[in-house]
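Could you walk me through this structure while I have it open in my viewer? I would like to know what to select at each stop and what I will find there.

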Amino acid sequence: MQGVKLPVTVKCEINVLLIAVTGLGLLTRLYGIQIPTSVVFDEVYYGQFVSLYMKRVFFIDESGPPLGHMILALGGYLGDFDGNFVWNRIGAEYTSNVPVWTLRLIPALCGSLCVPLGYLLMVELGYSHFTALGASLLLLMENSLIVQSRFMLLDSVLIFFLLLAVVSYLRFYKAPKSSLWKWLWLFLSGVSCAFAVGVKYMGLFTYLLLLGLAAVHTWHVIGDKTLRNGKVLVQVVVRFLALVVMPALLYLGFFYVHLILLYRSGPHDQMMSSAFQASLEGGLSRITQGQPLEVAFGSQVTLRSASSKPLPCWLHSHKANYPIRYENGRGSSHQQQVTCYPFKDVNNWWIIKDPSRQSLVVSSPPRPVRHGDIIQLLHGMTSRFLNTHDVAAPMSPHSQEVTGYIDFNVSMPAQNLWRVDITNRESDRDVWKTILSEVQLIHVNTSAVLKLSGASLPDWGFRQLEVVGDKIYKGYQQSGVWNVEEHRYGKSHEQKERELELKSPTHDDISRNLTFMAKFIELQWKMLTVRNEESEHKYSSLPLEWITMDTNIAYWLHPSSNAQIHLIGNSVNWTLANIALFVYMLLFLMYLLRRRRNIEDIPEACWEQLVLAGVVCSGGWAVNYLPFFLMEKTLFLYHYLPALTFQILQIPVVVEHLYTHVLRSPSQQKAFGGVILAALCSVYFCYRTFSPLTYGQPELTSEELAALRWRESWDILFRKR
């Protein structure tokens, strides 16, 4: 005990400026977040998913990964939300069971913490604490960021993780080589990148920028001859694990939790495969529970198209024939229509028949259908064989017509033999399995593949979807793949008994749980490929309109007064950000050209600092803005906010550089200091002027609202009294 020195003391340094800007961030974002107590703009969209989480009901949202929705749902969980609210219109009053404050709390906290993160980012880039304070104040008084933070929306959460990822990586990069904290900061950066991508796919842009920066730094480490080979290898491997492997594992984890939470059948089931649907509680699993696993000769089946475009549907026939002639004058076979029907129906049932036997029931023991077997498909309710022949399809004349064969004795023989091709087979003698097997049905006579064309038939076809025989089918296409969804072993020999059997439930119990990876791959593919029809929105805008804020969005209007909330930015901030970006580009190009001529205007350390700040701020603006010019989707002003955040952080970078390295005389610096103070006052004035539209209070008169319309293109709403 003699070696122990008492008392044990801990020294703590507190950055008062950082504490102050954090407090102000919390005040500006959390103040009155329960106002209004009604649905605000995209809360009507995200609220639906929160309710589904509360009820554990499966859904798919093609706009992004599930983490963002889970974060919003956490707010609902903290407020004991039961999910019972109809999210059908903007402005609908919340009922007493909706915890408005907790639902908006997490986005508000994330928006608040973006302010101190802006401060820390400037410090990590090597700029002074005065510059860091200026950066945090500009973020603090940016009206658009405040508005987007105060409601159940995801952009503030995204920006928080983006800034945290960048700050953490810079801390790692600047930390002493011997520090253990160095590697913890690296892993925190990787975690933040994963969370950013998990909230919105937009997070991928900054993640790739950070990966590029890390790759350059890693390349420098590889070239450092002062490090031993073993140490270099460890550095490279740890960076790869932290910034690539761990984010990928976390991304998988988000989906794992998502699928664990949402185990009940829901409104989006039909977008997924039969196997996926059968893994959910209720819905299809109730119908398919107890079905035989192996399809046999004599099986009664429904065949679902693997394609969900334009709609999920089942192979179908009914007692109606193709018209003798179509509207364009082309003739048809006038045989029974075969379609794809997007609803469950008794006319979706077909019987798998062995062409060499007359029996329509399953033998004992059952004879399973295998890959490569030749079968006939008999329609259960009309007893017509599935047939195709060299007659043009009604809507797709380059393909063959598919029919339920009727012998009109007109020299048109039956061509009703089909070869079973199991596309996801493990061997050439695989058995056709219910739900699990993906099957192509290839016509024996013409080699045409049974395929959903996607076209809708006219009124004579009851607007059902067209099925064709495609002779030029190549490769794997979901539209030419089918799977058995409902299945029973047929036992009735007579048609009347068979019709009753087709209407009865199945009975044998077979379990068919999908693995997590199979579910993840299918869900991720659907999210990336399934798109809702994009429609023009009153407040949609183009990327070019964002830079100068030519547009705004009315988020909420009080039903009886002029109180309202708009997504409008701080005009002074946006102007300064555009100027700063332009000035930085001029400075960078000038220094680059002069350095090429061996003229060094600033020390090497200052040049490296300026380049790093440009990569982070200007690069962050570019990667979060320019990709929108390539996107074919409905865009809104809030899509610009991540880019705007990095652009605002460029302002103090340019200001300090001009003050320190360009303006050399004290008089110039003093005058420039006055300009800086005037600019900050202008930012505050603009923030205060538009705060009634930011917070929804106090209510303004029509004349005061009209005075806030600084641009003709802004849509400020007011009631005439």
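Here is a tour that starts with the whole chain and then moves through some helices, a surface patch, the cores and a loop.

**The whole chain**

Start with everything in cartoon view, and keep in mind that this is a predicted model. The protein chain holds 20 helices and 14 strands. Turn the C-alpha trace along its principal axes and you will find that it spans about 105 × 80 × 65 Å. Of the 721 residues, 54% are buried. Among contacts with a separation of 6 or more, 75% join residues 24 or more positions apart. Switch on the surface: the chain exposes about 33200 Å², and carbon and sulfur atoms supply 61% of that area.

**Helix α3**

Now select residues 67-78, which form helix α3. Its 12 residues should span 16 Å at 1.5 Å a residue, and the end C-alpha atoms are 17 Å apart, which agrees. Is this helix enclosed or open? Nine of its 12 residues are buried, so α3 is largely enclosed by the rest of the structure. To see them, highlight Leu67, Gly68, His69, Met70, Ile71, Leu72, Ala73, Gly75 and Gly76. Then bring up the cover over these buried residues, which includes α2 (43-54), α4 (100-124), α7 (155-174), α8 (181-199) and α10 (229-261). Before moving on, click on Asp80, just after α3, where phi is positive at about 55°.

**A nonpolar patch on the surface**

Helix α10 was part of that cover, and it also takes you to the outside. Select Phe187, Leu233, Val237, Phe240, Leu241 and Val244, which together make a nonpolar surface patch of about 500 Å². Five of the patch residues come from α10, the largest share. Zoom in on Val237, which is found in α10. With a relative accessible area of 40%, Val237 is partly exposed. While this helix is in view, remember a general point: an α-helix has 3.6 residues a turn, so residues three or four places apart point the same way.

**The cores**

Next, hide the surface and look inside. The largest nonpolar core has 149 residues, and the members that touch the most others are Phe58, Leu121, Leu125, Ile553 and Tyr555. Helix α7 gives this core its largest share, 14 residues. A second, separate core has 27 residues, including Val301, Cys340, Trp350 and Leu441.

Which residues surround Phe58? Leaving out residues up to four places away in sequence, Phe58 touches Leu259, Leu262, Arg264, Gly266, Pro267, His268, Asp269, Met272, Phe276, Leu280 and Leu523.

**Gly298 and its loop**

Select Gly298, in the loop between α12 (284-288) and β1 (299-305). At 1% relative accessibility, Gly298 counts as buried. Beyond residues up to four places away in sequence, it touches Ile351, Ile352, Leu360, Val361, Val362 and Gly490. For a sense of distance, draw a line from Gly298 to Leu188: they are 110 residues apart along the chain, and their C-alpha atoms are separated by 59 Å.

**Helix α18**

For the last stop, select residues 641-662, helix α18. At 1.5 Å a residue its 22 residues should span 32 Å, and the end C-alpha atoms are 31 Å apart, which agrees. Color the helix by burial: 18 of the 22 residues are buried, so α18 is largely enclosed by the rest of the structure.

Conventions. Residues numbered from 1 in each chain as written. Predicted model: local features only at pLDDT ≥ 70, side-chain atom pairs only at ≥ 80, totals over all residues. Heavy atoms only, no water. Helix = DSSP H or I, 4+ residues; strand = E, 2+ residues; numbered from the N terminus. Expected span 1.5 Å × (residues − 1). Buried < 20%, exposed > 50% of the residue type's maximum accessible area, 1.4 Å probe, protein only. Contact = heavy atoms within 4.5 Å. Patch = residues over 30% accessible without salt bridge, like charges linked within 9 Å, V, L, I, M, F, W, Y side chains within 5 Å. Areas by Shrake-Rupley, 256 points an atom, 1.4 Å probe, with all protein chains shown as cover. Salt bridge = Lys/Arg side-chain N within 4 Å of Asp/Glu carboxyl O. Core = buried A, V, L, I, M, F, W, Y, C linked by side-chain atoms within 4.5 Å.
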